[in-house]
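This report looks at some charged side chains and some paired strands. Keep the sequence and the model side by side while reading.

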Amino acid sequence: MLMLRQLPCAAGSVLLASALALTAPPPAAHAADTVDATVPNGTFADPVAPDNGTQAGHAGWSPDGNGVVFGKGLAQHPRGYQAASLNWNGAPLTLRTRLWGVKKGSTVTLTWDDSPSTYRGCRPEQVKDGQTYNVALITDGPAPDPQVTTKGSDTVGTANWTAGRAFPFTATEDNPMVSFESAEPAGAMSCGPLITNVAARQTPAPVDKKVRKEQLPPPKAYRGNDPLEPGVAVDDCEGSPTTCTFTVDKGYSYQYYGQTRIVGEVYLNCTRNAITDDRKLEVTEPPYDSLTQYYALKGAPLLPSRSELAKSRPNVASQVEAGFSVAGGNAAAVSTSNPLTWSRTTSKPLNPVIQPGEVSWIEVQPARERVTGSFTNSRNNYRLDAAFDVPATSLPDRYYQRTGPLTEVELKRCGADRPTADTPDNTAGPDKRLTALDAPPTGLATRTVPLTP
């Protein structure tokens, strides 16, 4: 007799041999690894200035159109870099930029080169003892704000570069912002310190793998260095399949096995024999993403309701798919053997064997992929950071046959009278048998052979 049960009891488990090749997912980046962090336009090569002149602006830095860069000849850097002046047009300047891809909690070392001004309108006393400026991490809380003084120059118009200045700090937010601010007195006019070769190295914060797929970190958007409402960037990227480019952050993307769950029915074997349960399981793994969750929390869920992003925002989804393929080593982002899969339904025939007196059920441990990355649109200088959690294509799911002994309630049920037959079932134990055994004849030796439980 094979019976259905809603909730299984605790038991041992057997990994089904047909279900999984025991391949562990690749390890995530080690937290101790030190890697480069992106500093946009760190050598101030954009815009290009006349060799011995200046050009307004510095791409990637804020304020956008304020200040100038010095051409290679005027800057006189030993490696031929252009440089930014921290004083211009009669005023001290503050230059700010974000370190893209740096996560909160990462330790960062910002480096750069500096020199007193090579502006020919400087007075000798302005450059003789060097020029002063502040370096800062822009944050709501307390942060280091060191003051730095360049080397001096005995000749107006002659550089004196110091290489490898360093400013270590811990990021207090994702994509932290740093600034360089002139501390020269008001009378300095357009004669201020020069900086260039701005770079950064980081020891990334450990990947937090306790973040649930149902509660992914909210998306963050920027226009240049300034925060932007994420929905504006999403609508921009949805404009066409090629409006934005999605780039995967490999350091914070990883494969993993999700929480194990029961699939299909739970069976009790009340018979004296092992039973093979031929069944066909159908398992569906849905997608999750921070954009869909963002709209839901705003009270404006994407339509169709509770759908995958590929249906509600197909152009955004296609950009994620292309970026995922590129990150997998497919530079052309064309057909690939490991595509990003938004949802997956698997039909699997299984034949678990249930031993006498046991309960059995099947569990699945789904293979999933956490994909973190950013959308960029150079046309309007938008950036959108988002996370996606989808079924893994290159990692197989795990299926388990779970078994355990019958509980007292189940034993009683197995020993209960059948509504269609009078045949007693004496496998449930002496105290639960429906029909008592007759006593052996007096003086006749007997033996009892217990049934296999």
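## A buried pair: Arg383 and Asp385

Arg383 has a relative accessibility of 15%, so Arg383 counts as buried, because the cut-off for buried is under 20% relative accessible area. The model is a predicted one, and the values given here are computed from it.

The side chain of Arg383 meets the side chain of Asp385 in a salt bridge, with N and O at 3.0 Å. Asp385 is buried as well, with a relative accessible area of 12%. Elsewhere, Arg261, Glu285, Arg368, Arg370 and Asp389 are joined into one network by salt bridges that share partners.

## Other salt bridges

How many salt bridges does the structure hold? The count is 17. One of them links the side chains of Asp114 and Arg165, at 2.9 Å from N to O. Asp114 belongs to strand 10 (residues 107-115) and Arg165 to strand 13 (residues 162-170), so this pair ties together parts that are 51 residues apart in sequence.

Is Asp114 buried or exposed? With 0% relative accessibility, Asp114 counts as buried. Arg165, its partner in the salt bridge, has 22% relative accessibility and counts as partly exposed.

Another salt bridge is formed by Arg212 and Glu214, whose closest N and O atoms are 3.4 Å apart. Arg212 is partly exposed, at 48% relative accessibility. Glu214 is also partly exposed, and its relative accessible area is 32%.

## Strand 16 and its partners

Strand 16 (residues 220-223) pairs with strand 28 (residues 382-391) in the antiparallel sense, over four bridges. Within this pairing, Ala221 stands opposite Leu384 of strand 28. The residue range of strand 28 takes in the positions of Arg383 and Asp385, the two residues that meet in the salt bridge described at the start.

Which strand pairs with strand 16 over three bridges? The answer is strand 17 (residues 226-228), and this pairing is also antiparallel. Here the bridge partner of Ala221 is Leu228. Ala221 therefore has a partner in strand 28, namely Leu384, and a partner in strand 17, namely Leu228.

## The turn between strands 16 and 17

Strand 16 and strand 17 form a hairpin, and two residues lie between them. Gly224 is in the turn and has a positive phi of about 65°.

Terms used:
Residues numbered from 1 in each chain as written. Predicted model: local features only at pLDDT ≥ 70, side-chain atom pairs only at ≥ 80, totals over all residues. Heavy atoms only, no water. Salt bridge = Lys/Arg side-chain N within 4 Å of Asp/Glu carboxyl O. Buried < 20%, exposed > 50% of the residue type's maximum accessible area, 1.4 Å probe, protein only.
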